[in-house]
Amino acid sequence: MRRRLSTLIAVLEVIVRNLIDLTGQQFGRWRVLAIHPERRRYGKNSKSIFVLWRCRCDCGVEGIVFGCNLRRGLSKSCGCAAHEATRRRNTKHGHAVRGQVTRAYVAWQHLRQRCLNPNNQDYANYGGREPPITVCDEWRDDFLAFHADVLDPPDGLSLDRPDNDRGYAPDNWRWADAVTQRRNQRPRPKRKTQRPHVSAHHRAADDFIPPPF
Ligand SMILES: [Zn+2]
């Protein structure tokens, strides 16, 4: 009987301790709005009772949070604070944010792919051609350096190299429309047709054009 009573008192103590009114208090981004009617039991024989609080985060999201997590600083926001910190860590500039990648960033990624990635479908005409089309050291791994030179592309224009035989560099770029780009392209090698192997001597003879009579 005694033991039962002491257990009961212990449980009541937990309840009272948890019932310290947190309403109106601020924990990180959480502001406590009101106590939540639900109680959760935890621990051995479910002796511990946890009180839940209805809170509103600075960002406007409401949530139900354990009082003990608020007091111990284990819950400081709806999750937006951690999310923002991750985004800050992963974003050195505002150009690569998922869903709103800028055209300048796409242009930089594509030129690197064409010139540096042998698995890219256009590599043969860029990094894989002779002499290869290169990306200058300043631009290769530094988007901000690239962007400082080329800025944002005007609508409808894409990145082009005025000198088609030289790589991407601060003195060999322009934003050009598709017509200009096509005019500037070197003639693509014609598709090889199936021809029986002939020696150089015979090929010369094939190409011989007789003088007009
Ligand atoms: Zn939030």
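A crossing of two helices is called right-handed if the near helix is turned clockwise from the far one by less than a right angle, and left-handed if it is turned anticlockwise. Keep that in mind, since the tour of this predicted model starts at such a crossing.

**Stop 1: two helices**

Select helix α4, residues 103-116, and then helix α6, residues 143-150. Look along the place where they meet: α4 passes α6 in a right-handed crossing. Their axes come within 10 Å and cross at roughly 115 degrees. Now show the side chains there. From α4, pick Ala-104, Tyr-105 and Trp-108; they meet Phe-143, Phe-146, His-147 and Val-150 in α6. Try colouring this contact by residue type: six of its residues are nonpolar, one is polar and none is charged.

**Stop 2: the largest nonpolar core**

Keep α4 on screen and add the largest nonpolar core, which has 12 residues. Select Ala-107, Trp-108, Leu-111, Cys-115, Tyr-126, Ile-133, Val-135, Trp-139, Phe-146, Leu-159, Tyr-168 and Trp-173. Which helix gives the largest share of this core? It is α4, with four residues. As background, nonpolar side chains in soluble globular proteins tend to be buried together.

Centre the view on Leu-159 next. Leaving out residues up to four places away in sequence, Leu-159 touches Ala-107, Leu-111, Val-150, Trp-173 and Trp-175. Apart from the largest core lies another one, of nine residues; Leu-22, Phe-27, Trp-30 and Cys-57 are among them.

**Stop 3: the four-stranded sheet**

Switch to a cartoon view and find the open sheet, where four strands run in the order β1-β2-β3-β4 with antiparallel pairing. Select β1 (26-27) and β4 (62-66): they stand at the edges with a single partner strand each, so one side of each has no neighbour in the sheet.

Move inward to strand β2, residues 30-42, which is joined to β3 by nine antiparallel bridges. One pair to pick out is Arg-41 and its bridge partner in β3, Ile-49. The two strands form a hairpin with five residues between them, and Gly-43 in the turn has a positive phi of about 80 degrees.

Continue along strand β3, residues 48-57, to its pairing with β4, which is antiparallel and has five bridges. Here Cys-55 stands opposite Gly-63, and Leu-52 stands opposite Phe-66. This is a hairpin too, with four residues between the strands; select Gly-60 in the turn to find a positive phi of about 105 degrees.

**Stop 4: two backbone details**

Go to the loop between α4 and α5 (137-140) and select Pro-131. What is the peptide bond from Glu-130 to Pro-131, cis or trans? It is cis, with omega near -10 degrees.

Finish in the loop between α6 and β5 (158-160), where you will find Leu-151. Leu-151 has a positive phi of about 55 degrees although it is not a glycine. Is Leu-151 buried or exposed? Leu-151 counts as exposed because it has 10 C-beta neighbours inside 10 Å, and the cut-off for exposed is 12 or fewer.

Note on methods: Residues numbered from 1 in each chain as written. Predicted model: local features only at pLDDT ≥ 70, side-chain atom pairs only at ≥ 80, totals over all residues. Core = buried A, V, L, I, M, F, W, Y, C linked by C-beta atoms within 7 Å. Buried ≥ 20, exposed ≤ 12 C-beta atoms within 10 Å, placed from the backbone. Contact = placed C-beta atoms within 7 Å. Axes fitted to C-alpha atoms, helices over the stretch in contact; angles between N-to-C directions. Nonpolar A, V, L, I, M, F, W, Y, C, P; charged D, E, K, R; others polar. Pairing = 2+ DSSP bridges.
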